[in-house]
Number of protein chains: 2
Amino acid sequence: MATRRDRFETRATILQSAAELIAAHGVRALGVNVLAEAAGCDKVLIYRYFGGLDGVLEALGAERMLWPRVEIENEGGGASLSEALQSVVLEEWVSMWGDALLLQAAAAELGGNNALGRAVAAQREERHTEIISSLRTTHRVPPYVDLDALLELLSAAVTLFALRTPRTPQAWRRIEKTIGMVARALLES
Amino acid sequence: MATRRDRFETRATILQSAAELIAAHGVRALGVNVLAEAAGCDKVLIYRYFGGLDGVLEALGAERMLWPRVEIENEGGGASLSEALQSVVLEEWVSMWGDALLLQAAAAELGGNNALGRAVAAQREERHTEIISSLRTTHRVPPYVDLDALLELLSAAVTLFALRTPRTPQAWRRIEKTIGMVARALLES
DNA sequence: GTACCTTGTCACTGGTCGGTGACTTGGGAG
DNA sequence: CTCCCAAGTCACCGACCAGTGACAAGGTAC
């Protein structure tokens, strides 16, 4: 530890190092020994302050943004529902692509049971219900459209693309076009 | 080994055990020691016959079905393009949901670099190009629709759902409805 | 028979893992 | 100052890991 004996600071350092290690190498590669070394403290402190690795992941899930926090575009402006939805989904996508921690967190949800994956799922559900209710107050949704399911579908698709597709401008344009195509076809009668 | 000294049979037993272990616990949990014990042979044979774990995964990718092999429905019959596409995507989905090895293989593609993930990606691309060309010969595709991108989008969405959603009848109906909604909106002008 | 090659077994190394108990050090309260 | 508790260090454990070299056993060609 660089500074003096400060429990809160050590705790924060451990969390920060955990976030960096996960962003760099994924949750599965995070171990007590490497984390302690990266944080510059003894591993026994991880057990004392967090009760173990699971506790670190839980704290990370409680304190960090693990799913993109997108803004609903153009409240009251001229954006149509399809444009707003498209913008939300694409913004989720670029946020994940640009943030290694978000990517690894999304991957953590799919790679077995761990505290990080559960936190990711919870955050995503919360954000999505916010988005849906916001969209429903600012736009009229056609009765034959299940907006929740549509958002889930598009979001899931771009999540998987972010996880497995190399990050090229061509891919970007392709996805953008496709999302726009679907949103327009469904929401502009 | 139960039977006599037979290189091919031992090789096949190792591959079979690897498939079962992956289906049960995922690729990351597969090690040389557990695999050798499950196959009932010495681990040195894994090195001799496959050159190591990566070789086992490569052989598995070459010999096994790792992405659903769906049939294009209703050649020449009354199925519309949107019905055919919907059926393809949903069939991919139920196949993955019903086969633990397929699920773990799909997860392997997202969890870092390994031979299994590469094999999965290759198989998926092959199947999808087959599907696209088949659909294009039996149906007329509206010019404003990027059928490749649409299949990728819907397939990615159901893949992620299969990976992270508990397998309930409600979820099934929800997804079925949504996929149908998107396919109809886009492909029935 | 014998010689030889392949298949399979065994024992071992060096390293990393998670986890724990015993210890030292610092800082604040009295 | 002294006392005491929290913060931090150190050494160690048993278990598991991938990988290797030496050896035994079986089958086959001659």
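Visitor: Which residues come nearest to DNA strand C, and what makes a residue count as near?
Guide: A residue is near a strand if its C-beta atom, placed from the backbone, lies within 6 Å of it. In this predicted model, 20 residues are around DNA strand C, and G31(A), R5(B), R7(B), T10(B) and D42(B) come nearest. Local features need pLDDT of at least 70, side-chain atom pairs count only at pLDDT 80 or more, and totals for chains, interfaces and linings use all residues. Residues are numbered from 1 along each chain as its sequence is written, while chains are lettered from A and ligands numbered from 1 in the order in which they are written.

Visitor: Which elements give two or more residues to that surface?
Guide: Chain A supplies α2 (32-39) and α3 (43-50), and chain B supplies α1 (7-25) and α3 (43-50). Helices are DSSP runs of H or I with at least four residues, strands are runs of E with at least two, and both are numbered from the N terminus. By that count chain A has nine helices and zero strands.

Visitor: How do you know that chains A and B are related by a two-fold axis?
Guide: A turn of 180° and a shift of 0.1 Å along the axis lay chain B on chain A with an RMSD of 0.0 Å, which is the relation of a two-fold axis. The superposition is by least squares on the C-alpha atoms of residues with pLDDT of at least 70 in both copies.

Visitor: Which residue of chain B comes closest to the rotation axis?
Guide: A157(B), with its C-alpha at 2.1 Å.
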